[in-house]
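Open the model in your viewer and keep the selection tool at hand. The tour goes from one selection to the next and says what is there.

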Amino acid sequence: MGTIGVPSAADLSQSADVVIVGGGIIGVATAFWVGRAGLSVVCLERRDALGSLTTALSEECFRAQFTEPANIRMMKASIEFFERFAEVTGLEDCDLGLRQHGYLFVSAADEGPQLLRERVELQRRHGLDDVEYLDGDEVRRRFPFIGPRATAGTFRARDGWLSTHALTYGMARATAGGRFWVRTEATGLIVDSHGVAAVETNRGRIATRRVVLATGPFAAVTAARFGAMVPVTAVRRHKVVITGYPVIPESAPMTIDDGTGAYWRPESGGAALGWALPEPPMEPSETVPTDWTFPALVLEAVSELSPLWEGIAARLRREQVYLSAGQYPCTPDNNPVIDAYDPIPGLYLNIGYGGHGIMASPEGGRLMAELLMGRMPAEVQPFRLNRFATGGQAARESMVI
Ligand SMILES: Cc1cc2nc3c(=O)[nH]c(=O)nc-3n(C[C@H](O)[C@H](O)[C@H](O)COP(=O)(O)OP(=O)(O)OC[C@H]3O[C@@H](n4cnc5c(N)ncnc54)[C@H](O)[C@@H]3O)c2cc1C
């Protein structure tokens, strides 16, 4: 079982097989699999609590409907982990808050039927055999809140959302022998002729031969402190939660406009909404400023296909709207980097999960643990750092949200 707390000097004097820097969902999921592999693991988080930066600000959703085979495989495996959470972790008492209402992508385009049919065929070829193609009438029959503009849709019933807090703390608790040190900041790396020798923190030094960087939007900043360079930028993303609207169907799926990417889903008697509008990268930040024009924009956008939102938007009062913003940790191709950092032996990267870090965390953590054990599973190849080198082959995910 894992321990979470502020470490004493004696705690820090104990070495670890692996030290993970960053206690968001990616660092914690990595710790879980490292502990399971029988290695001793310390996870460092500089904030007061695990999972309290980007992880706490997400929409908490998961889907296997992607177009890149590597992403389909990764999310399918992660969703299976969520479904079998109690069995895999041994935590019978942990309620992940799993809501498998499905993900519904809806198109309003004339070419929607052809595009979505082709996409479903591609997904099926890559093992996603439970995604359905729906024509416009079938979308409206199954989901009566969808309006006349819909021409086609795709639906997968096992997609959905969960509690990221329960997931983070469940995995930490289930980490065999895991030590999760909060208020503990990694400030540097000590390297000797063999590679990594220790991590320097604000509380003292921890001896280790393997360090995993999992600092989310701060990946490039932390890497620079360690003498490394990584292609991760921080891009602002908003989330809107509205309360007190029973007219929003509680059983609705995550509903996404396939053309614009604007989305909504039910949440505790109201809804959570979002839209990945283009924004330039910004400095990584602990507190991300919000833009109060966003709620009106997203409400208008989701009204296009789900007309029930027009009525809600017209009556909505500001005190019913909760607006927050975090930062996607983005790589140039929006897929993560799961790899060893070759110039510094013993330094590993588990970073750059963009808008998919919650849904990808179990499998991303497992793959990182495989690398730490000296193995190189084929599934890691698409996520290696060298894909960004000149002539490298970067994956092209078309369903980035
Ligand atoms: C609005 C929004 C909606 C989203 N919706 C979804 C969604 O529906 N589904 C989904 O899968 N993903 C979603 N995401 C993306 C998801 O939240 C991220 O991909 C994920 O949380 C990244 O996890 P992480 O552990 O890499 O980063 P973080 O959660 O940011 O964790 C990194 C941690 O590292 C710590 N740290 C940094 N530097 C140091 C240091 N030097 N020493 C010690 N600790 C350090 C930080 O304090 C932080 O806690 C969304 C993101 C946003 C902003």
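In what order do the seven strands of the open sheet that includes β1 and β19 follow one another? The order is β1-β9-β3-β2-β13-β20-β19, and the pairing is mixed. Bear in mind throughout that this is a predicted model.

**First sheet**

Select β1 (3-5) and β19 (337-340), the edge strands, each of which pairs on one side only. On average, neighbouring strands of this sheet are turned by 15 degrees against each other, with direction ignored.

Next, select strand β3 (residues 41-44) together with strand β9 (residues 179-181). Three bridges pair these strands in the parallel sense. To find one bridge, pick L44, whose partner in β9 is W181.

Now add α2. This helix lies across β2 (18-21), β3, β13 (211-213) and β20 (347-351), and runs at about 175 degrees to β3.

**Two crossing helices**

Select helix α3 (residues 69-83) and α11. Their axes come within 8 Å and cross at roughly 90 degrees, which means that α3 is roughly perpendicular to α11. On the α3 side, show M74, M75, A77, S78 and F81; on the α11 side, show M359, A360, S361, P362 and E363. These residues make the contact, and they divide into seven nonpolar, two polar and one charged.

**Second sheet**

Move to the open sheet of eight strands, ordered β6-β7-β5-β15-β16-β17-β14-β18, again with mixed pairing. β6 (132-135) and β18 (321-330) stand at its edges; each has a single partner strand, so one side of each is left without a neighbour in the sheet. From one strand to the next, the twist averages 20 degrees.

At the β6 edge, select β7 (residues 152-156) as well. Four bridges join β6 to β7, and the two run antiparallel. L134 has G153 of β7 as its bridge partner.

Which helices pack on this sheet? One is helix α5 (residues 112-125), which touches β5 (103-107), β6 and β7, its direction making about 25 degrees with that of β7. Another is helix α9 (residues 294-303), which touches β14 (233-242), β15 (254-257), β16 (263-267), β17 (270-274) and β18. The direction of α9 makes about 70 degrees with that of β14.

**Domains**

Colour the protein chain by its domain assignment: domain 1 is 3-58 + 165-232 + 332-388, and domain 2 is 101-158 + 234-330. How far apart are the centres of domain 1 and domain 2? Taken over C-alpha atoms, the separation is 31 Å. Where the domains touch, 14 residues of domain 1 and 11 residues of domain 2 take part. The domain 1 side of this contact has eight nonpolar, six polar and no charged residues.

**Around the ligand**

Finally, select the ligand and the 43 residues around it. G22, G24, G216, G326 and G357 come nearest. Which element gives the largest share of the shell? That is β18, with four residues. At least two residues each come from α2 (25-36), β14, β18 and α11 (357-372). Domain 1 and domain 2 each contribute at least three residues to the shell. Coloured by class, the shell shows 16 nonpolar, 19 polar and eight charged residues.

Methods. Residues are numbered from 1 along each chain as its sequence is written. This is a predicted model: local features need pLDDT of at least 70, side-chain atom pairs count only at pLDDT 80 or more; totals for chains, interfaces and linings use all residues. Two strands pair if DSSP finds at least two bridges between them. Axes are lines fitted to C-alpha atoms, for helices over the stretch in contact, and angles run from 0 to 180 degrees between N-to-C directions. Two residues are in contact if their C-beta atoms, placed from the backbone, lie within 7 Å. Domain bounds come from an automatic or database domain assignment. Ala, Val, Leu, Ile, Met, Phe, Trp, Tyr, Cys and Pro count as nonpolar, Asp, Glu, Lys and Arg as charged, and the others, Gly among them, as polar. A residue is near a molecule or strand if its C-beta atom, placed from the backbone, lies within 6 Å of it. Angles under 35 degrees count as roughly parallel, over 145 as roughly antiparallel, 65 to 115 as roughly perpendicular and the rest as oblique.
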